[in-house]
Amino acid sequence: MKRIYLILSAALLFAASYVANAQMYTLKDAYKPYFSVGVAVNLRNISDPQQSAVVLRNFNSITAENVMKPQLVHPYQGEFDWEDADKVADFCRQNGIKLRGHCLMWHKQIGEWMFKDENGNYVSKEILFDRMRTHINAVVNRYKDIVYCWDVVNEAINDDSTSPDFYRTTSGFWEICHDGEWIEKAFQYAREADPNALLFYNDFNECDPVKRQRIYDMVKKMKAKGVPIDGIGMQAHYNIFGPSMKEVDKTIKMFSELVEHIHVTELDVRLTNSTGGNQRYAQTGEVTLNEEDLKKQEEYYDELFKVFRKNKKYLDVVTFWNLADADSWLGRQNAPLLFDFNFRPKPVYRTVVNFKD
Ligand code: XIL
């Protein structure tokens, strides 16, 4: 009887320590020797107790998914609305988590007022630059105690590899400037506002050979001119079919020739072969995910993090775009993240955390 009792309590002890370890071993802990692990959050993620516990256990860098974008903090000229951005900044301050600033200048989620006069006509380049400077100065100053880096310019390179146009031509910036001068100005204004924050150019489809070369050429030119740029953000909106590990590795290596800091800024791996912002699915309702696709996703993430670990000397942080499949910007059918519809770790989470090398 005594022996059974002993065996039972030993088993219990073992189980308890296993559970404790399993709980302790999380993304940020597993990757401590490699890079920080970040997450883009919405306001629910940081106010709901279950969700914020998942955030705090697993991540040591935070990005605001939307609330620090130009349109949200500065909807009308000279009228700032800091309420929601402050909530994310305060969450970081209270919990000692560093904040990636996203984003200062983007052609989307920016008030039309930035580009137009009261009659709806485009303003001059000088007026645009002046407005950019005011905006950048206000936002950067407000969060300079907690923001360690800024995506200064987001998605300014043409995404169409078959087009000869180098820069994106569908934007207010292009309509007014017809060149890349505004990009350089944005970086200068950001450095002026905070000499200590690392400044990034951020873009998607960055592993596409044509687009990658364009990003490379632009940053190289900026560096040669003395424009204050510290890093390149690889958004990393991938899917189970690509890009290949060879291309991801090559992209990191190429960018590392130019800049000291590379951040993976918006990682997700969708279950379909779509790219960019298209093909979004509903964010509520029942969906059945294909087991084979989930297996492919697990293999893809496994390989991808191998490449990331191999490149740890270039990568400072790998940030996931959203916390869980429950609130991915791509919708439920894409289920692109490591946590499921109930904010619980998927099998792929364990694969990414329990790596062998
Ligand atoms: C997305 C958000 O996740 C959505 O909620 C919003 O409706 C649109 O923007 N590239 C970026 C991010 O740099 O800011 C985008 O975030 C996703 C694509």
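In the predicted model, residue D357 lies in the segment that follows helix α13, which covers residues 347-353. The side of the structure on which D357 is placed can be described through its contacts: when neighbours within four places in sequence are left aside, D357 is in contact with Y34, K306 and R309. A further residue, K310, is separated from D357 by 47 residues in sequence, and the C-alpha atoms of the two are 9.7 Å apart in space. D357 is classed as exposed because its relative accessible area is 53%, the threshold for that class being over 50%.

A contrasting environment is found for T251, a residue of helix α11 (residues 245-256). The relative accessible area of T251 is 0%, and the residue is therefore buried. Once residues up to four places away in sequence are excluded, T251 touches E206, C207, R212 and M234.

Across the protein, buried residues make up 55% of the 357 residues. In soluble globular proteins, nonpolar side chains tend to be buried together. In the present model, the largest nonpolar core contains 108 residues, and the members that touch the most others are L267 and F308. The contacts of L267, neighbours within four places in sequence being left aside, include F308 itself, together with Q235, A236, Y238, Y301, L304, F305, V318, T319, F320, W321 and L337. Another core, of 5 residues, lies apart from this one; C149, L198, F200 and V317 are among its members.

At the level of the whole chain, the secondary structure comprises 13 helices and 9 strands. Of the contacts with a separation of 6 or more, 78% are accounted for by residues 24 or more positions apart. The C-alpha trace spans about 90 × 40 × 40 Å along its principal axes. The radius of gyration is 22 Å, which agrees with the value near 21 Å that a compact globule of 357 residues would have.

The accessible surface of the protein amounts to about 16,400 Å², and carbon and sulfur atoms contribute 51% of this area. With respect to charge, the protein carries 45 positive and 50 negative side chains, and a distance of 7 Å separates the centres of the two sets.

Definitions and conventions. Residues numbered from 1 in each chain as written. Predicted model: local features only at pLDDT ≥ 70, side-chain atom pairs only at ≥ 80, totals over all residues. Heavy atoms only, no water. Core = buried A, V, L, I, M, F, W, Y, C linked by side-chain atoms within 4.5 Å. Buried < 20%, exposed > 50% of the residue type's maximum accessible area, 1.4 Å probe, protein only. Contact = heavy atoms within 4.5 Å. Helix = DSSP H or I, 4+ residues; strand = E, 2+ residues; numbered from the N terminus. Rg over C-alpha atoms; globule rule 2.2 N^0.38 Å. Areas by Shrake-Rupley, 256 points an atom, 1.4 Å probe, with all protein chains shown as cover. Lys, Arg positive; Asp, Glu negative; His and termini not counted. Charge placed at Lys NZ, Arg CZ, Asp CG, Glu CD.
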